[in-house]
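Thanks for coming. I will go through one model today, a few places at a time. Please keep the picture in view while I talk.

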Amino acid sequence: MGNADYDYGSVDEVHGHHHHQVAVPPPQPFFKSLKYSLKETFFPDDPLRQFKNQPPLKRFTLGVQYFLPIFDWGPRYTFQFFKADLIAGITIASLAIPQGISYAKLANLPPILGLYSSFVPPLIYAMMGSSRDLAVGTVAVASLLTASMLGNEVSAKDNPTLYLHLAFTATFFAGVFQASLGLLRLGFIVDFLSHATIVGFMAGAATVVCLQQLKGILGLDHFTHATDVISVMRSVFSQTHEWRWESGVLGCCFLFFLIVTRYFSKKRPKFFWISAMAPLTSVILGSLLVYLTHAERHGVQVIGDLKKGLNPPSITDLVFTPPYMSTALKTGIVTGVIALAEGIAVGRSFAMFKNYHIDGNKEMIAIGMMNIVGSCTSCYLTTGPFSRSAVNYNSGCKTAVSNIVMAMAVMITLLFLTPLFHYTPLVVLSSIIISAMLGIIDYQAAIHLWKVDKFDFLVCISAFAGVVFGSVEIGLVIAVAISVLRVLLFVARPRTTVLGNIPNSMIFRNVEQYPNANSVPGILILEIDAPIYFANSSYLRERIMRWIDEEEDKLKSSGETGLQYVVLDMGAVGNIDTSGISMLEETKKILDRRDLKLVLANPGAELMKKFNKSSLIESLGKEWIYLTVGEAVAACNFMLHTCKSKPVKDDSIEPLNNV
């Protein structure tokens with residue numbers, strides 16, 4: 001065995017020169033590591049950092065400022081800011097009043113609720129919200145959802161009071177749900193609604209909302225409550241004899257006017273106020289026209305009387321009794337999630353333009369609180385709609401004071417100006433909604449998704465189709481299901497790639513990406529691209545075996561040296577569970593039977609911890625775990641060459657195996 005001893009020495013020499021030991025991280029006490037992982041899950045932004053090493057009084061003020069950001073920016077507020085906010089506030093108020101009335105009609109609620117909902121919630125948000133650009137108000141999608149989900153249980157026509165009370169209750173539940181997501185720091189739930197999902201869902205909802213407005217534009221009395229395209233179209237074309245040309249002509253004129261002003265303001269951003277004022281202008285013109293021509297007698301439907309006065313309290317109207325409460329709860333949670341996703345997405349995108357940061361969890365608490373308070377003061381669900389926030393941003397708002405100004409303008413309207421809306425034709429409201437919705441359909445984003453990532457485009461289109469052909473809830477469920485399925489596919493079917501050596505270097509890279517990378521004779525190098533979990537361990541085992549079979553077939557056909565080593569690059573494997581470890585042990589056994597050696601390169605800290613505890617290191621052999629692929633390949637090469645020079649193969653490999 002002299003030979004073998006000599007061999008053993010030289011391998012040791014090689015290890016002495018090249019082989020850096022792969023370290024096992026020092027053990028952590030269980031509670032310490034648990035605390036760390038909980039912190040990573042729920043407090044990625046570390047909100048308590050600012051309270052460290054502060055005197056108690058300072059801590060108290062910081063705490064107040066954390067929950068009521070108005071105390072943070074309020075003291076620094078200047079007259080310059082106020083001038084900008086005043087203009088922005090008046091501009092969004094001129095948009096909020098007609099939009100509020102229109103969206104309340106869309107939710108089958110009394111139109112005055114749209115004004116109530118633009119008075120209290122903005123005041124709450126101005127105190128608690130962390131975004132400077134978000135303009136608070138009712139949104140079309142949530143209004144439509146409220147109408148379709150509550151309408152399934154209670155008819156707004158036959159039982160208006162109960163329907164109204166259920167709308168308040170749903171808003172209350174939505175607020176509680178949103179605020180508790182923020183307080184429990186579960187913001188990542190909203191992150192499951194990916195950008196692609198939201199683009200498709202919003203476009204679908206906008207399409208549905210536009211189609212629903214055909215009722216107002218054609219002046220129809222009876223109309224379907226369903227939201228899908230087919231039933232809406234059937235409803236429109238089965239009543240052709242009921243169409244009113246007066247309201248149709250009026251509607252098309254106003255719609256044309258609104259679209260033209262929007263197009264003009266888009267082309268010349270300096271004139272943003274033209275498109276912002278257009279809805280109010282339409283309302284005034286439409287009301288005058290109806291008033292002067294007495295068109296309400298000729299089948300042009302008008303809003304009718306609106307109550308004067310501020311929000312009446314509605315805390316006693318909340319319904320917590322069995323048959324209806326579950327409907328309100330379901331509606332509240334679904335609309336709450338949608339409203340949150342929209343509000344936070346809008347807030348984040350404008351914060352990005354202005355280079356400041358908004359805290360998602362704080363936003364959730366603020367939006368939740370304004371809905372809880374709103375549900376007690378006759379408001380229905382509100383959030384930060386994109387159209388209004390864009391107008392706010394373009395009007396040059398500086399802080400949330402623009403929301404306060406808007407609320408004040410709405411308050412004046414509620415106290416003194418509501419009788420002026422008596423003659424406003426419903427057609428105008430319909431055309432306002434349609435023009436707002438056309439702005440939400442973001443076909444450029446869909447084209448971008450198609451270019452960059454076909455799967456995201458699929459998610460987007462399926463959300464769209466689900467909403468348009470099914471219902472808003474179906475669209476939502478489909479979109480979220482496909483997004484989650486995508487995450488699962490990423491985990492369950494990770495990529496494995498063959499690596500090759502880039503000439504004149506110790507660098508090993510993907511052969512497909514670098515066609516000039518050479519394979520190393522006798523050694524197959526595979527990279528695994530994801531954590532190894534129960535979901536993908538058997539897939540990975542089969543995939544590794546297939547790579548080995550393919551490689552052996554290739555070597556046989558070209559007559560080169562047979563395969564002897566399989567190197568797994570574990571650099572991208574962030575974590576492993578017990579199924580993954582047994583998969584590696586199994587792979588090792590199969591390779592042993594086929595006279596191949598399994599070599600691991602570059603395992604991270606988590607992997608080494610688990611390997612150490614599971615005795616995989618012993619069964620594999622410490623000397624078969626290397627720091628880099630380069631070292632692993634160098635060692636394998638060394639052994640290949642020392643073995644080659646021996647006439648008797650078995651004898652020379654024996655001691656090597658026991659190294």
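**Notes on a predicted model**

The side chain of Ser-238 comes within reach of the backbone oxygen of Arg-234, at 2.8 Å. I should say straight away that this is a predicted model. As for where Ser-238 is, look at the loop that joins helix H12, residues 229-237, to helix H13, residues 245-267. Ser-238 is partly exposed there, with a relative accessible area of 46%.

Next, the cysteines. How many disulfides does the structure hold? The count is zero. Take Cys-252: the closest cysteine sulfur belongs to Cys-253 and is 7.1 Å from its own sulfur, which is too far for a bond. A disulfide would need the two sulfur atoms within 2.5 Å. Cys-253 is accordingly in no disulfide either, its nearest cysteine sulfur being that of Cys-252. Cys-253 is also partly exposed, at a relative accessible area of 48%.

Now to helix H16, residues 360-376. Is H16 enclosed or open to the outside? Of its 17 residues, 15 are buried, so H16 is largely enclosed by the rest of the structure. Its length can be checked too. At 1.5 Å a residue, the 17 residues should span 24 Å, and the end C-alpha atoms are 25 Å apart, which agrees.

Both ends of H16 have something to show. At the N-terminal end, Asp-359 acts as a cap, with a side-chain oxygen 3.0 Å from the backbone nitrogen of Asn-361. Just after the helix, Ser-378 has a positive phi of about 60°.

Last, the sheet. In what order do the six strands run? The order is E2-E1-E3-E4-E5-E6, in an open sheet with mixed pairing. Strand E2, residues 508-510, and strand E6, residues 625-626, are the edge strands, and each of them pairs on one side only.

Within that sheet, I would look at strand E3, residues 523-528, and strand E4, residues 565-569. These two pair in the parallel sense, over five bridges. To find one of the residue pairs, start at Ile-525, whose bridge partner in E4 is Val-567. In general, strands of a sheet pair through backbone hydrogen bonds, either parallel or antiparallel.

One helix goes with this part of the sheet. Helix H23, residues 537-558, lies across E3, E4 and strand E1, the last being residues 496-501. The direction of H23 is at about 150° to E3.

That is where I will stop.

How values were computed. Residues numbered from 1 in each chain as written. Predicted model: local features only at pLDDT ≥ 70, side-chain atom pairs only at ≥ 80, totals over all residues. Heavy atoms only, no water. Helix = DSSP H or I, 4+ residues; strand = E, 2+ residues; numbered from the N terminus. Buried < 20%, exposed > 50% of the residue type's maximum accessible area, 1.4 Å probe, protein only. Polar contact = N/O pair within 3.5 Å; in protein donor to acceptor, adjacent residues only side chain to side chain. Expected span 1.5 Å × (residues − 1). Pairing = 2+ DSSP bridges. Contact = heavy atoms within 4.5 Å. Axes fitted to C-alpha atoms, helices over the stretch in contact; angles between N-to-C directions.
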